[in-house]
Structures are given as structure tokens and as C-alpha cells.
Amino acid sequence: MILIQARTEPSNTMKFVSPLLAVTLTLIFGGILFTAIGKSPVQALQVLLIAPLSDAYNIGEMFVKMGPLLLCAVGLSLCYRANMWNIGAEGQLLAGALGGSAAALYFIESESIFALPLTLIAGMLSGMICAAIPTYLKLRFNSNLILTTIMFNYIALYLLIWSVHGPLRDPQGYGFPESALFADNTLLPTLFEDSRIHLGVLFALIASVIGWFILTKTHLGFQVRVFGADESAAKYAGFKGNKLGWLVMLFAGALAGLAGVSETTGPIGQLVPNVSPGYGYSAIIVAYLGRLHPIGAIIAAVFMAVLYMGGDLAQIEMGIPVAVVSMFQGVLLFFLLACDFFINNRLTFTNQATN
Amino acid sequence: MDADLIVQILFAAIKTGTPLLFIALGEVICEKTGVLNLGQEGMMLMGAVVGFLAAYSTGNMGFGVIAAMLMGSIMSLIFAVLVLHVGANQVATGLALTIFGTGLSAFVGADYVGKTLQGFQPIAIPVLSDIPYLGRIIFNHDILVYFSFFMTGLLIFVVNKTRLGLTIKAVGENPNAANAIGIKVLKVRYLAVMFGGAMAGISGAYMSLVYTPMWVEGMTSGRGWIALALVVFASWRVGRIMLGAYLFGLASIMHLVLQGLGLSISPNLLAMLPYVATVVVMVIISADHFKEKLLAPRSLGKPFNPRNMA
């Protein structure tokens, strides 16, 4: 007889085991799925998970994909801890790409050493603006943050598409919806030779350390954690919910904006309509998988980046549609939520049948 | 702007509003029982792709619609089990459903992109469609639009005039009290979530069988999310959902209206309009904190565990 029993205290072990269990279950699901569509599951999983790490070039590409995922996820982790349901990382990323690109195009003739820093700041500010509007609407007018941030994902997307068709389009671009190529001094330098790993990847790692520091070592982070654990206790302690809400949202907006501008001034080198393959949405899963912890997010972001890489490789080598990646992401989150059940509950085995 | 154009615009507003109407009708029932399902977009996409596949491979449109509704319900069942039995967070689970549905629909439909269907043809209702103006606006649609009229009427009746409607409201307002008088709270919620899934499925089928009779990845472009806002806009009242859906429909075809007025604005800017309108509406409706608290189902988003009951 197996019984479900509520634990008296949440299990700390399960908090760490649960993501691993969820990943394992997702891989089993993947194996079954690939068998069902007539592909070798061993080969498919090898292409999805091992091949992206097989040589130096692929590892570099993996880090390039990890950068934006991690930047977005660190911000989201803090937001979710403070009960701010920000689903708008994608829009904030696109806004950052747009604002940053406008700055980069402004500096296209410039020789100034401030061109790149100002471009990055423009991107971060744009991301912050895109986060600030829904935040203001929530804190001032009580509107639903989930829905407004999602609407801003679409608004930012269409604004970006409009810009590359209109004001930011390259006049010499034969009518393609793309901006001109940025000048070299507004491009992020790469860190190693023969690899596309750029400064933005380093920013992402620094951001997660900063996020970790804020969350665990400062009074502000303490307030965020209390607020997330028990809102009424936090208010009783005199913590200002609105101020915290503003801070985490602006922090998340700045990081997502930085992710966007790092993409356009990094691997892409110009503004194009499809800056992001849904990094902002995947970052939600990265944040959860990393247990809403900025350092945990690094491991989760690496895993997710491998999956993105693997998806591309599986498409090329085995003809598996690349959509398999976002499907796996959804399944992974399902399994994670299901496994989290055992943080607060446990199974007990008894010999007698009980009523 | 002449009368003919106005008729065309209103006709198109109904057509564009219909998928929103379907999905929001499902979601409002679901929310009335206290469950917030953010997976609408995912269920809708799955409905769209499965509906298209079924109709394309059998040549039977009705079969496509039924397959879409079934698919929507199956998708919602995943959500229901996680939220109602495992006690997972409703927001996170709904998001997972949307991400999963977006990926799965693209995966399943990969080989069918670009193929087209004949689609449902409009049926003019005898006599009624001869009414000047009104006939052409309301009574010259395809069968799914008429079905959406029927469903709206049916749900207004069920919610306001029947015992079932009272049960739904009781579960959403106070699940503990409902449980105490012998209502199976979880059963009601399961059924409501699955009804929501079926409606999301048919809404997706409307997109891929009527609105643009083909399958394109991500073709619902956020309609599932707009529907969630629509429920708030309608203050959880079924009748107002219909009005709201057509208003949003009108906002999405604003380019027609502006053409009529002789203005030309970039289509990419106009594409932002439904989303901007959604934000504006959310702000206006929610600004009155007290009123929203009064209108929203009181247990919305909160889990209910019968095992905790004494």
C-alpha cells in the first residue's frame, strides 16, 4: 500500500533532486517520442545533448546561446521571488535590441570609445522602459501583470518589425527588412579567437553573481525572499511591496534589455526581425529549473542552451523539426511542477491496506 | 465612408471576434469555478493544428472541428491533473501548457505548413439574411459563427437560470461551502477546465479551417492571451464576452476602417493595436480595486484540497 503523506517541513533534498528527476523524465519522454516517429532514440538524444558539447566550436556556440537565456532568467528569478509575475522578458529583450540598435546606428560613423557603452546603456534603458510600463500599471492601477507583460511582448515585437521596415531599414539594403551592419566600434568584442563567445556572455555570468549577491547578502534580497514567502508577514515587518516590485522589475528589464542589445551587437551585428528564438519565454523555464536562484540559473541556462543547439543539429542531421525544443521545454516544466509535489509531500509504504 | 463599407467592417469584426468569443466563453466558465488556466494559447494552437490535420486528411470539416475540441480537452486534462490533483501552481502550469502546446503544434504540423483547405463556406439564413444591412452583417456567416451565437445563448441561460450555473458559481465563490453541501468541487473543476479546453480547441479550429484555412506555426498570434484579458474586461459575465470579442475583433481589423477613412498607416504599427487596446482595457477595468474584487470569482487561482477538509 502506498500512501501520500504531507511532510511536516518542505524537503531541501527534494528541491535539488526534483529538477534532476524532471530532466531525466523529459529525456525518457523524448526517447519514447523519437521511437514513435521512427528515429533512433539513442542517436537523437546523442545529437540533442552530447553533440552540442562535442567540440570547441559547438561549445562556443552553446555559450553564445546561454548568454541571453541566463541574463533573462536571473532577472525573472528575482521577480518571481517577489511575486511579480513578469512574463515579459521576451518583449524587454526585443525592446533592448531595438533601442540598442537605434543607438548603434546613430554611432555608425563615430570613432568615440563611448559608442559601445552608450549603445549597451541604450539597450538596457529600453528594456527597463518596456518593463516599467506594465509595472506602473500594476502598482498604480492594479492591472494584471501577467497579461500586460505578455501584451508588451507583442507590442515590442511589432514595434521592432515596424522599425526594420521603416526608420531603421538599411537604405542600401535592397528593401530587405534589416538595418545596416553596425560599425566595428559598436560591436561587442569576442573573448577568444575562433569562437563567437562575446562580452555579453561574460555580462550574463557577472549578472548572475550580482543577482546571487543581492538575493543572499543584502537586506534588499532578504526583503524579496520574505515577500515571496509570506506577503502579509513582509508587510507587517514594514517592507514596501511597491518599492520592491519596482526594483526587481527594473532589474529584470535592464538585464533582458542587455540580452537583446548583446544579441544585435554580438553574434548578429545588425537589427533583424527575428532577434530571438523565444529566449525570453525559455528563460521562464530556466528560472524555474534553476530554483529561482541566480547561480542555479547558470546550470539551467547551460542545459537549455544545449537543448537549443541540439535542436538545430537534430534538424540538420536527422530531419527532426526544430519545434521539438519548445515541446521539450513544456514537458520539462510539466515534469518539474509534478516532481515539486514531493517537496511538500512524500510517499510512505505500509504493509496493511488502510482506509 | 459609405454604408456598404460599414457593413463589411462589422461583418469582418464578427468574423475576427469569433475565435476570441469561443475561447473566452470556455475560459470564463473555467474561471467561474475558480481555476485560472493560462494555457489557452497552447490549447488553441493544438486545436488549430489537429483540426486542420483531421479535416485535411479526411476531407471532412466537421470531423476537423470535433478532433480539435477533443484535442483541446486532452490538453486541458494535463493542466487539470497537475493543478487539481498534484496541487501545482496554476500560473506556472498554465505557462507550461502554452509553451508545450506551441512546440507540439509546430512539431505535429511541420509537414502541413503551406497546404490549404477549402474551408467552411458561408450559409445565408433564409429570410433573416434579407433584412437590410443587419442580414448581411449577422446572418451571412459560416456554421461555426452561428454555433458561437448558440453557445453564447446557451451559456447565458445555464449560468443564470439553472442549478448547474449555481453549482459553478458556488464552487468558484466558496469551494469549502460548496463541498460542505455535497458538491464534488474537484469534479466540477475538472469538467469546467475540460470544457474550456474544448472551446479553446474549436477556437483554434476556427482559425485554421475558416479564418485563414491553412496551418501556420503560431497562427493564433496571442489570441489566447487576449481572451484572458477579455474575461476580465467582461467582468466574468457571459453576455459581455460577446460584446468584448467583437470590439476586439474590430480593433484587429482597424486597417479596413482606416482605409475607409482614407488614412494610411503602416500595417505593422496597426498590428500592435489589439494588444495596446487590451492593455488600455485592463487598466480601465482593474483601476477600481474594490469593484474587481467584487466581480472576480473569490477562489480564482487558489487551490482546493478536499483532504484538508474536516
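The crossing of α4(A) and α5(A) is right-handed. In this predicted model, the axes of α4(A), which spans residues 89–106, and α5(A) come within 7 Å. They cross at roughly 145°.

Which residues of α4(A) meet α5(A)? Among them are G91(A), Q92(A), L93(A), A95(A) and G96(A). Further along α4(A), G99(A), G100(A), A102(A), A103(A) and A104(A) also take part. On the α5(A) side, the partners include L118(A), T119(A), L120(A), A122(A) and G123(A). M124(A), S126(A), I129(A), C130(A) and A131(A) belong to that side too. By class, this helix contact has 15 nonpolar and nine polar residues. It has no charged residues.

Now the contact between chains. How many residues of chain A are in contact with chain B? The count is 37, and they face 40 residues of chain B. Four helices of chain A each supply at least two residues of the side that touches chain B:

| Helix of chain A | Residues spanned |
|---|---|
| α5 | 115–141 |
| α6 | 145–165 |
| α11 | 279–289 |
| α13 | 324–339 |

α6(A) gives the most to this side, with 12 residues. The side of chain A that touches chain B divides into 27 nonpolar, nine polar and one charged residue. α5(A) thus appears in both settings: it meets α4(A), and it supplies residues to the side that touches chain B.

Last, the confidence scores. The predictor gives the complex an ipTM of 0.88 and a pTM of 0.91. Chain B averages a pLDDT of 89. In chain B, 96% of the residues score at least 70.

Definitions and conventions. Residues are numbered from 1 along each chain as its sequence is written. Chains are lettered from A and ligands numbered from 1 in the order in which they are written. This is a predicted model: local features need pLDDT of at least 70, side-chain atom pairs count only at pLDDT 80 or more; totals for chains, interfaces and linings use all residues. Two residues are in contact if their C-beta atoms, placed from the backbone, lie within 7 Å. Ala, Val, Leu, Ile, Met, Phe, Trp, Tyr, Cys and Pro count as nonpolar, Asp, Glu, Lys and Arg as charged, and the others, Gly among them, as polar. pLDDT is the predictor's confidence in each residue, from 0 to 100. Axes are lines fitted to C-alpha atoms, for helices over the stretch in contact, and angles run from 0 to 180 degrees between N-to-C directions. A crossing is left-handed if the near helix is turned anticlockwise from the far one by less than a right angle, and right-handed if clockwise.
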